[in-house]
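Visitor: Before we begin, I would like each statement to be set against the definition it rests on. Please show me the model.

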Amino acid sequence: MGIVHSARLPRHQLGELHLVTKLSMESLRNWQRNFLRVCPTGRLSLGEFQANYASRFPFGNSEQVFNAVDTDRDGKIDFKELMIGLCVTHNWPLDEKLKWSFDIYDLNCNGFIEYSELLELAKVICQVLGKNDRNQPAILVNSIYASMGKGRNSRFTRDEFVEGCKRDETIRRAFGLNDGLLKY
Ligand SMILES: [Ca+2]
Ligand SMILES: [Ca+2]
């Protein structure tokens with residue numbers, strides 16, 4: 001029981017999390033109770049994350065998401081990191097969600113999104129929206145490239161990526177889905 005007790009956030013830290021995430025204290029307490037049941041040490045491994053929380057993050061493969069949520073890069077996700085990560089992806093403004101997606105989909109970590117990387121994001125977007133035609137992801141990517149006046153061999157900076165995605169109605173719709181994944 002000692003481990004469970006020490007892993008629990010003190011009340012004032014839950015209060016800070018409430019301010020950042022805008023989730024109610026009751027909801028945060030429920031999340032925390034469940035989190036400690038899944039992970040009594042208070043620090044999730046990649047495997048525990050994949051088994052219990054990855055499905056709540058629709059826009060990336062679970063390992064990339066894990067690394068993006070682990071903001072202090074210590075190889076584990078604590079309760080605060082988990083809740084902030086969830087809120088970035090569900091409650092925050094579109095710009096913030098897109099910046100987050102940029103980091104996840106810059107797969108070769110070169111500070112740009114290339115065609116193939118945007119295609120990976122487009123595949124997930126089409127899945128989320130139930131667009132199962134296999135040409136849809138490429139159509140979506142081509143339309144974003146065209147709207148930004150870019151050729152297929154060019155790449156997007158972070159600002160261009162955010163701008164290009166915001167112009168696209170399909171992307172706006174996918175990122176606007178608030179399907180209750182944050183409810184507890
Ligand atoms: Ca961490
Ligand atoms: Ca890249």
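Visitor: How far apart do the C-alpha centres of domain 1 and domain 2 lie?

Guide: The C-alpha centres of the two domains lie 25 Å apart, where the domains are 11-90 and 94-176, with bounds from an automatic or database domain assignment. This is a predicted model, in which local features need pLDDT of at least 70 and side-chain atom pairs count only at pLDDT 80 or more, while totals for chains, interfaces and linings use all residues. Residues are numbered from 1 along each chain as its sequence is written, and chains are lettered from A and ligands numbered from 1 in the order in which they are written.

Visitor: How many residues of domain 1 are in contact with domain 2?

Guide: Contact requires C-beta atoms, placed from the backbone, within 7 Å of each other, and eight residues of domain 1 are in contact with eight residues of domain 2. On the domain 1 side, H5 supplies the largest share, three residues, helices being DSSP runs of H or I of at least four residues and strands runs of E of at least two, numbered from the N terminus.

Visitor: Why is the largest nonpolar core said to lie between the domains?

Guide: A nonpolar core is a set of buried Ala, Val, Leu, Ile, Met, Phe, Trp, Tyr and Cys residues joined through C-beta atoms within 7 Å. The largest such core has 38 residues, with Leu82, Ala122 and Ile125 having the most contacts inside it. Domain 1 and domain 2 both give residues to this core, so it lies between them.

Visitor: Which residues are in contact with Ala122, leaving aside its neighbours within four places in sequence?

Guide: With those neighbours left aside, Ala122 is in contact with Pro137, Leu140 and Val141.

Visitor: What makes Val65, Phe66 and Val69 of H5 line one face of the helix?

Guide: These three residues are buried, a term that asks for 20 or more other C-beta atoms within 10 Å of a residue's own, against 12 or fewer for exposed and values in between for partly exposed, with C-beta atoms placed from the backbone. Seen down the axis of H5, the buried residues fall within an arc of 105 degrees, so they line one face of the helix, the arc being that of the directions from the helix axis to the C-beta atoms. The buried residues of H5 pack against helix H4 (46-52), strand S2 (77-78), H6 and H7.

Visitor: Where does UniProt place the feature "domain: EF-hand"?

Guide: The unreviewed UniProt entry places this feature at residues 63-92 and 93-128, and such annotations may be inferred rather than shown by experiment. Residues 63-92 are 63% helix and 7% strand, while residues 93-128 are 72% helix and 0% strand.

Technical notes: Contact = placed C-beta atoms within 7 Å.
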